[in-house]
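Reader: Please take a close look at one part of this model, the helix packing in one chain, and then set it beside other local features. I would like residue names and geometry rather than a general description.

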4 protein chains.
Amino acid sequence: MLAAVLYGPFDLRLEEVKIPKVGKDEVLIRVKAVGVCKSDIHYYETGRCGSFVIKEPLILGHECSGEVVEVGENVNNVKVGDRVAIEPGFPCRTCNYCKEGRYNLCQKIRFYGTPPINGCFAEYVVADADFVYKLPDSISFEEGALLEPLSVGIHAVRRGRIKPGDKVAVLGAGPIGLVTLQVAKAFGASLLISTDKVDYLLEAAEELGADVTINVNKEDVVRRVLEVTGEGVDTVVEASGSPEALGQAMEIVKRGGTIVQVGIFPEPEFPVKMVYLVDKEIDLRGSFRYVNTYPLAMELVKEGKVKLKPLVTHVLPLTEIKRGFEIARKKLNKVIKVVIRP
Amino acid sequence: MLAAVLYGPFDLRLEEVKIPKVGKDEVLIRVKAVGVCKSDIHYYETGRCGSFVIKEPLILGHECSGEVVEVGENVNNVKVGDRVAIEPGFPCRTCNYCKEGRYNLCQKIRFYGTPPINGCFAEYVVADADFVYKLPDSISFEEGALLEPLSVGIHAVRRGRIKPGDKVAVLGAGPIGLVTLQVAKAFGASLLISTDKVDYLLEAAEELGADVTINVNKEDVVRRVLEVTGEGVDTVVEASGSPEALGQAMEIVKRGGTIVQVGIFPEPEFPVKMVYLVDKEIDLRGSFRYVNTYPLAMELVKEGKVKLKPLVTHVLPLTEIKRGFEIARKKLNKVIKVVIRP
Amino acid sequence: MLAAVLYGPFDLRLEEVKIPKVGKDEVLIRVKAVGVCKSDIHYYETGRCGSFVIKEPLILGHECSGEVVEVGENVNNVKVGDRVAIEPGFPCRTCNYCKEGRYNLCQKIRFYGTPPINGCFAEYVVADADFVYKLPDSISFEEGALLEPLSVGIHAVRRGRIKPGDKVAVLGAGPIGLVTLQVAKAFGASLLISTDKVDYLLEAAEELGADVTINVNKEDVVRRVLEVTGEGVDTVVEASGSPEALGQAMEIVKRGGTIVQVGIFPEPEFPVKMVYLVDKEIDLRGSFRYVNTYPLAMELVKEGKVKLKPLVTHVLPLTEIKRGFEIARKKLNKVIKVVIRP
Amino acid sequence: MLAAVLYGPFDLRLEEVKIPKVGKDEVLIRVKAVGVCKSDIHYYETGRCGSFVIKEPLILGHECSGEVVEVGENVNNVKVGDRVAIEPGFPCRTCNYCKEGRYNLCQKIRFYGTPPINGCFAEYVVADADFVYKLPDSISFEEGALLEPLSVGIHAVRRGRIKPGDKVAVLGAGPIGLVTLQVAKAFGASLLISTDKVDYLLEAAEELGADVTINVNKEDVVRRVLEVTGEGVDTVVEASGSPEALGQAMEIVKRGGTIVQVGIFPEPEFPVKMVYLVDKEIDLRGSFRYVNTYPLAMELVKEGKVKLKPLVTHVLPLTEIKRGFEIARKKLNKVIKVVIRP
């Protein structure tokens with residue numbers, strides 16, 4: 001089968017590789033749509049992402065949907081021909097994290113496109129059957145692929161314990177910010193504030209439900225949020241990964257409020273306004289991937305509470321994946337999300 | 001009555017002031033013991049503490065016990081002659097924080113020794129009756145005063161959701177660290193690690209239940225904690241206020257673990273190793289004062305689960321309060337806690 | 001002022017009584033709308049409700065809105081002329097329940113229309129200022145009065161921890177059932193089932209958002225719910241007070257699910273299918289009145305997520321209160337809620 | 001190997017059966033100690049227990065410890081020769097309950113001695129490796145077997161959210177009641193009340209930490225508990241399965257308190273005093289088996305917080321299992337727990 005294999009920074013090659021074999025609890029899927037994620041871009045640019053480093057050639061890609069073409073002997077939740085989305089991390093199922101319902105923290109998880117596990121920028125991919133979800137007809141393959149970033153947003157909102165009536169600021173209006181906004185609204189948030197540096201992303205945020213949008217290059221975020229909210233917001237979801245944004249979060253969150261950090265910081269250590277942490281008794285909570293989100297993600301899309309189609313700005317065939325990566329990393333043509341369709 | 005009034009940095013004067021009047025829901029108490037707290041020292045040295053600044057002469061002191069000498073007409077929970085401890089902050093009772101059970105965050109709270117509310121380095125003090133707790137005979141006045149720092153420890157442990165079987169590190173072995181250790185044990189922690197720079201404090205920690213003590217000037221804390229625990233501790237309580245300690249906390253807490261920040265940092269902003277927050281999905285939670293702790297604090301002392309007497313290293317009369325402050329701020333004579341007895 | 005005073009069963013007299021005096025933290029309100037509640041009917045029919053018994057003549061009524069006509073000297077959250085809703089229970093603010101954020105359980109609460117506290121079927125009423133909420137222009141006096149039953153629904157939904165994606169059954173489609181349905185939807189429930197014996201109430205439920213309605217006299221509730229849901233619902237809110245309904249709840253709730261009991265049972269003891277409690281590890285949780293609900297209640301009405309107007313089927317002047325009570329207790333003219341406008 | 005096979009009521013036969021085979025993630029264990037549980041007795045007396053019915057001959061027994069004699073190729077958490085305890089239910093690991101950390105509710109769980117899964121009244125037994133726990137030297141095989149009922153107690157205490165300072169009543173002083181008492185104490189409960197009909201069990205309760213013991217045949221439980229506690233207990237754990245006890249629980253729990261039902265009722269439906277559920281806003285929570293308890297169970301025994309040895313009143317070889325069952329079911333010779341040692 002054809003696959004896009006990363007050999008090193010900017011060295012992404014289209015190659016013929018073997019179709020993976022299906023175990024008895026597994027499913028073989030013909031890939032139909034794969035989103036390009038910021039972490040894919042990190043690997044592409046530097047050969048690494050966070051603490052992960054590519055040592056062997058690797059197939060990237062983890063936001064994935066497709067069609068079932070073969071099922072293992074024990075599989076009965078999906079069948080050949082089913083249109084499906086794949087939750088792209090398969091945990092060990094035996095460690096304490098797995099048994100306690102936090103399998104996202106499993107240290108033996110096999111996660112697509114994370115060394116040394118191959119991902120889904122390829123024609124076929126194998127998945128553990130219970131992490132494969134049958135899509136309703138109303139959800140397209142592109143939307144099915146984007147259930148993955150939507151899951152990141154759901155997990156962040158759950159970590160923030162966002163509830164009806166809450167005032168929420170989402171910092172960053174990239175794909176994660178834009179799904180998080182919508183999820184916060186679906187969880188009942190009464191006031192949604194979106195910030196970014198890029199106007200077209202803020203316009204998207206407004207269309208998708210933001211009550212207030214703030215361009216951080218043009219306005220004083222802290223002053224504006226305090227004007228709008230009085231005592232600050234109940235919850236901030238920091239989805240930009242910018243150290244400045246975390247500083248703003250500390251200032252705009254109200255006493256007793258929560259900040260969820262979901263954006264990945266560009267460097268491991270940087271100055272933070274920590275004084276507010278104790279003074280305002282803030283909860284600052286990391287949010288890592290997601291756990292038990294796919295059924296809700298599908299439900300939210302089906303009910304129309306979350307719209308994923310407006311995020312898909314570019315669709316390209318697998319053969320043009322390099323162009324897709326360039327569009328995504330250079331933020332060309334008002335890109336929000338590039339989707340590859342093998 | 002005699003009171004110690006702070007006019008400015010190092011300008012602490014013993015003066016005669018008026019005995020405060022008792023409202024109908026209040027109690028007048030003859031002060032018997034008052035602990036000297038780090039925040040008292042901050043005001044004494046600089047005229048400020050955190051965001052609070054002394055503008056008018058102020059009586060400091062908030063760790064307080066005494067004897068009831070007068071009660072308002074509505075009061076029936078204590079009576080004249082009762083030995084009592086005072087919870088030293090009286091919230092507004094009408095804001096959302098008060099109604100939701102987080103009165104420590106009330107912005108109208110009147111807190112002893114915090115501008116502009118006078119404290120209890122004086123012969124008499126007035127308190128809202130429902131924040132006055134009758135002491136059992138088995139609890140001395142010195143211990144009664146130290147129910148206040150004990151409350152800080154209880155609140156920190158609750159914020160850390162410490163539970164039976166947990167491995168816990170408490171960074172800093174001053175009075176707050178030493179009570180937090182004991183509270184963590186009372187909440188069921190199975191392994192207790194204590195760190196500090198001062199050997200006699202670590203010895204106290206060991207006597208009060210620490211399983212492992214580490215002098216951060218002599219050993220590599222991170223390496224040692226990981227050796228002892230394998231994957232890190234479930235919860236860290238950072239009770240030193242040292243930026244370095246927060247960095248250590250980020251490294252020694254296990255995936256999915258919690259860090260509670262209770263120590264006050266010397267400066268508002270400093271570099272923090274934030275990379276772990278998302279990677280390990282850490283909860284970093286501020287802990288501010290306490291809420292609904294006094295009944296449990298008394299119970300823990302009564303049952304012998306928390307020992308406060310070993311913390312009281314110096315007892316001085318009110319007339320020697322300046323000497324007491326000097327001992328406390330210069331850490332003389334293996335001081336842990338100075339108690340003033342008016 | 002004119003007031004409706006209950007002297008005993010069916011002995012409700014319109015009388016001139018004194019206008020109550022306003023304390024310094026209180027507000028005098030000209031009553032504009034008062035809903036007739038099932039508990040008012042209980043007192044009217046029997047002189048008692050649950051464990052409360054009327055010994056002195058009592059003014060009933062607790063679902064109340066009006067206009068501020070006088071404020072105490074300390075009051076600054078509302079002013080004369082403001083249109084307001086009243087949260088009708090004023091807790092002691094000093095007991096453990098109050099301090100822990102569960103003031104609905106305060107045993108010294110003064111609750112309108114509950115012996116010996118007079119209620120608001122009268123021209124004027126006095127309230128603690130912090131339990132008086134300014135209404136936005138978009139909320140009418142009738143809706144303002146119904147924020148009270150809406151609060152009961154919010155508290156029940158919170159007790160049931162209903163969250164996005166949940167399947168929920170609300171048993172009983174009276175006023176409490178009808179607001180609970182809407183609140184469950186606002187909290188994100190994906191499937192809403194409503195049951196009752198009365199067709200016009202089920203029609204109202206359908207209009208207000210129920211996906212499935214079941215007349216318990218015509219269909220097998222358990223079979224139908226299991227057909228629709230497969231493994232049962234995540235949460236049942238039992239809002240009818242019928243012992244049979246509690247039995248159905250036990251059967252239709254899924255393993256690990258929650259039943260919230262908000263309906264008042266007609267008798268203290270009756271047979272219950274308890275076998276499921278352990279087998280399915282059910283949480284069966286009582287829900288008593290409400291706590292910290294009014295701001296959210298106003299928000300939900302303002303956002304249009306909860307509709308209260310369709311519940312107001314009858315509006316009568318205070319002089320016709322007896323007719324209003326007869327309509328309500330005999331369920332005449334497709335009554336849902338009778339509102340008295342003094 | 002020799003095994004005790006139940007063919008029907010009272011028809012328990014010692015037979016030679018095949019030693020089970022070991023899969024690649026499994027472990028073969030030479031059984032050293034097996035506790036006789038009430039549910040074993042139910043099957044023995046009636047051929048059924050709750051909703052489970054024996055249709056094929058079945059080996060009972062699920063409270064088990066032993067020595068590893070063979071391990072599958074993937075196993076690395078234990079090795080041949082290790083002394084181990086077995087958590088006797090192996091969940092499917094793929095359903096929502098498993099993924100959400102509530103594997104005790106998994107409907108495909110294979111649980112020893114529950115039809116059609118054979119248990120461990122036999123010389124050898126096979127187990128999923130990750131449910132096999134290496135015992136420290138300080139824990140004997142008998143204690144290792146009793147980690148299973150201890151787990152039931154831990155789960156009940158967790159379901160009751162018992163915390164430091166709580167007043168707790170445990171109804172029933174059989175093996176489950178006696179471990180629950182000790183666990184409640186380890187979780188910090190300040191006052192422990194134990195009730196039963198049998199004096200020697202109450203004596204055991206007192207020795208194991210009960211502050212107050214009440215023989216329900218000799219004293220009025222409700223009056224006594226209210227005398228001792230004033231407003232009632234924070235949490236009741238009902239561990240007797242007696243309908244009367246559940247009625248007492250409803251009366252002795254304080255407002256806002258929690259009742260955990262862990263005892264199995266003799267019949268599916270019976271009268272319950274439900275009036276308190278709403279009036280006192282009680283949480284009544286079923287507790288089914290246990291989840292994620294074994295590591296804590298071992299820790300509690302190792303630390304001496306829970307004593308299991310006093311529960312082991314009778315130890316018999318497998319060949320005398322029928323006598324063991326008779327002792328257990330007839331409550332002969334002050335039996336608390338019978339342990340079989342193959």
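Author: The model is predicted, and every value below is computed from it. The part to look at closely is helix α4 of chain B, which spans residues 147-159.

Two helices of chain B are described against α4(B). Take α5(B), residues 175-186, to begin with: the two axes lie 8 Å apart and make an angle of about 55°. That angle falls neither under 35 degrees nor in the range 65 to 115, and α4(B) and α5(B) are therefore oblique to each other. Their crossing is right-handed. On the α4(B) side the contact is made by P149(B), L150(B), V152(B), G153(B), I154(B) and V157(B). On the α5(B) side the residues are I176(B), V179(B), T180(B), V183(B) and A184(B).

The other partner is α10(B), residues 294-302, whose axis comes within 9 Å of that of α4(B) and crosses at roughly 105°. Because the range for roughly perpendicular runs from 65 to 115 degrees, α4(B) and α10(B) fall in that class. Here α4(B) contributes L147(B), E148(B), L150(B), S151(B), I154(B) and R158(B). These meet Y294(B), L296(B), A297(B), M298(B), L300(B) and V301(B) of α10(B). L150(B) and I154(B) belong to the contact with α5(B) and also to the contact with α10(B).

Elsewhere in chain B, S39(B) is placed in helix α1, residues 38-46. The relative accessibility of S39(B) is 18%, so S39(B) counts as buried, the cut-off being under 20%. Apart from residues up to four places away in sequence, S39(B) touches C49(B) and H62(B). Chain B also has a cis peptide bond between P115(B) and P116(B), with omega about 0°. P116(B) lies in the loop that runs between β10 (110-111) and β11 (124-128) of chain B. In chain D, a cis peptide bond joins P115(D) and P116(D), again with omega about 0°. P116(D) is in the loop between β10 (110-111) and β11 (124-128) of chain D.

Such bonds stand out because most peptide bonds are trans, and most residues other than glycine have a negative phi. Two residues of chain A depart from the latter pattern. R93(A), not a glycine, has a positive phi of about 70°. R93(A) sits in the loop between β9 (89-90) and α2 (96-99) of chain A, and its relative accessible area of 16% makes it buried. E281(A) has a positive phi near 50° and is found in the loop between α9 (275-279) and β19 (283-286) of chain A. E281(A) is buried as well, with a relative accessible area of 1%.

For helix burial, chain A offers α8(A), residues 243-252: 8 of its 10 residues are buried, so this helix is largely enclosed by the rest of the structure. The buried residues include P243(A), A245(A), L246(A) and I252(A). In chain C, helix α7(C), residues 243-252, is mostly covered, with 8 of its 10 residues buried. Among them are P243(C), G247(C), Q248(C) and M250(C).

A buried strand residue of chain A is V84(A), placed in β8, residues 83-86. Its relative accessible area is 0%. Beyond its neighbours within four places in sequence, V84(A) is in contact with I29(A), S65(A), G66(A), V68(A), V78(A), V132(A), Y133(A), K134(A) and L135(A). The C-alpha atoms of V84(A) and H155(A), which are 71 residues apart along the chain, are separated by 21 Å.

Last come the aromatic rings. Over all chains the structure holds 36 aromatic pairs. In one of them, F265(A) with F270(A), the ring centres are 4.7 Å apart and the planes stand at 65°, so the pair is edge-to-face. Both partners are buried: F265(A) at 10% relative accessibility and F270(A) at 4%. One aromatic cluster is formed by F10(A), Y44(A), F121(A) and F325(A). Charges also sit over rings. R13(A) lies over the face of Y7(A), 3.6 Å from the ring centre. Between chains, the charged end of K99(A) sits over the ring of F131(D), at 3.8 Å from its centre.

Conventions
Residues are numbered from 1 along each chain as its sequence is written. Chains are lettered from A and ligands numbered from 1 in the order in which they are written. This is a predicted model: local features need pLDDT of at least 70, side-chain atom pairs count only at pLDDT 80 or more; totals for chains, interfaces and linings use all residues. Side-chain values use heavy atoms; hydrogens and water are left out. Rings of Phe, Tyr and Trp (its six-membered ring) pair if their centres lie within 6.5 Å; planes under 30 degrees apart count as stacked, over 60 as edge-to-face and the rest as tilted. Buried means under 20% relative accessible area, exposed over 50%, partly exposed in between (1.4 Å probe, protein chains only). A charge sits over a ring if NZ of Lys or CZ of Arg is within 6 Å of the ring centre and within 35 degrees of the ring normal. Helices (H or I, at least four residues) and strands (E, at least two) are DSSP runs, numbered from the N terminus. Axes are lines fitted to C-alpha atoms, for helices over the stretch in contact, and angles run from 0 to 180 degrees between N-to-C directions. Angles under 35 degrees count as roughly parallel, over 145 as roughly antiparallel, 65 to 115 as roughly perpendicular and the rest as oblique. A crossing is left-handed if the near helix is turned anticlockwise from the far one by less than a right angle, and right-handed if clockwise. Contact means heavy atoms within 4.5 Å.
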